[in-house]
Amino acid sequence: MKLIVKKPAFPWFGMDIGGTLVKLVYFEPKDITAEEEQEEVESLKSIRWYLTSNVAYGNTGIRDVHLELKNLTMCGRKGNLHFIRFPTQDMHRFIQMGRDKNFSSLHTTLCATGGGAYKFEDDFRTVADLELQKLDELDCLIQGLLYVDSVGFNGHPECYFFQNPSEPENCVKRPFSLENPFPMLLVNIGSGVSILAVYSKDDYKRVTGTSLGGGTFLGLCCLLTGCETFEEALEMAAKGDSTNVDKLVKDIYGGDYERFGLQGSAVASSFCHMMSKEKRDSISKEDLARATLVTITNNIGSIARMCAVNENIDKVVFVGNFLRINTISTKLLAYAMDFWSDGQLKALFLEHEGYFGAVGAFLELLKMTEDS
């Protein structure tokens, strides 16, 4: 007897509603038959056209076209997976759009994870007549990561590392196979940071975290430099010199602290030069942005390394939207893991950075339907 798998009604979404950003994945079917297209209701056509015909939605919504996963087969259908993000502060506009485009008439189950799945649950219900299926964000993160890595990035590896991270002139990006991913230390850098020790797809624990994450970086940059966006903050940081703000080991010892293997270029005290009025008067906003980025990144790297040593794990995987377009931090983390572990720890990164929670929520939608 042939098993008939019940497919969820289109559209297929997964959402991760974080403290700073909402991440949305949308599956666009590419195998629609003429009969299906004729029977497709106008509201569904409108949603599909709106999401796939635009790369920007209003002033703040973005479809990351370069991350699109093509020619996937999911739940018996073939199509492309799109990746969309917008600030959480604009969540109410998204809910109103759901009402205006009559989402509820499609009887769609909207699977969502992240703290916002709880925060905005009543708004979805009262404004758009939609019920959220709330999912654990760490479960979704791991399941989404493993899935995306398994399908690859349109024929290319999803995972990568930096070869020669201690040599800036020879530091190059290289693909890495996560075929045997366990155990791994998973460092999720969003508004804050959660660090997980993952032993299998169903066996993990949250080791620790820190409140000093991507939200801290952007918030401090807004205060210190007057910037408004993450992109603007990173652009300023790329032009700045953090050594004008931070006190280095060589500023204290005149060179390396050889007894403990501390290089003179290592940061001894973040922002310490700012105690001097003369220094404060001479620095630029770009210097402050760079120092803020280095401070946050070094703190995350230090905590991650200690956790990896304590858990006896040699693969440290960094994910989260803090790493989006943020080569400065990825290379800093790669250098920190390599240098302070004498090459025993490898820092790994993933192309889809902050979208794994949304992918995990999307996969749960398909799984719930198969189980029903």
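1. Val317 counts as buried, at 0% relative accessibility. Buried means under 20% relative accessible area, judged with a 1.4 Å probe and protein chains only; exposed means over 50%, and partly exposed lies in between. Val317 sits in strand β16, residues 315-319. Strands (E, at least two residues) and helices (H or I, at least four) are DSSP runs, numbered from the N terminus.

2. A note on the source. This is a predicted model: local features need pLDDT of at least 70, side-chain atom pairs count only at pLDDT 80 or more, and totals for chains, interfaces and linings use all residues. Residues are numbered from 1 along each chain as its sequence is written, and side-chain values use heavy atoms, with hydrogens and water left out.

3. Which residues does Val317 contact, leaving aside neighbours within four places in sequence? They are Leu145, Met184, Leu185, Leu186, Val187, Leu348 and Leu350. Contact means heavy atoms within 4.5 Å. Take Leu348: it is 31 residues from Val317 in sequence, but their C-alpha atoms are 4.6 Å apart in space.

4. Now turn to Leu145. Its contacts, again without neighbours within four places in sequence, include Val317, Val319 and Phe356. Leu145 is also among the residues with the most contacts inside the largest nonpolar core, which has 66 residues. Trp12, Met15, Met91, Phe124 and Leu186 are listed with it. Apart from that core lies another, of 37 residues, among them Ile189, Ala197, Ala233 and Val316. A nonpolar core is a set of buried Ala, Val, Leu, Ile, Met, Phe, Trp, Tyr and Cys residues joined through side-chain atoms within 4.5 Å.

5. Is Asp64 buried or exposed? Asp64 is buried, with a relative accessible area of 6%. Its place is the loop between β4 (61-63) and β5 (69-74). Not counting residues up to four places away in sequence, Asp64 touches Phe83, Arg85 and Tyr355.

6. Next, the whole chain. It has 13 helices and 17 strands. Its radius of gyration is 22 Å, which agrees with the value near 21 Å for a compact globule of 372 residues. That radius is taken over C-alpha atoms, and the globule rule is 2.2 Å times the number of residues to the power 0.38. The C-alpha trace spans about 75 × 45 × 35 Å along its principal axes.

7. Buried residues make up 49% of the 372 in the chain. Among contacts with a separation of 6 or more, 68% join residues 24 or more positions apart.
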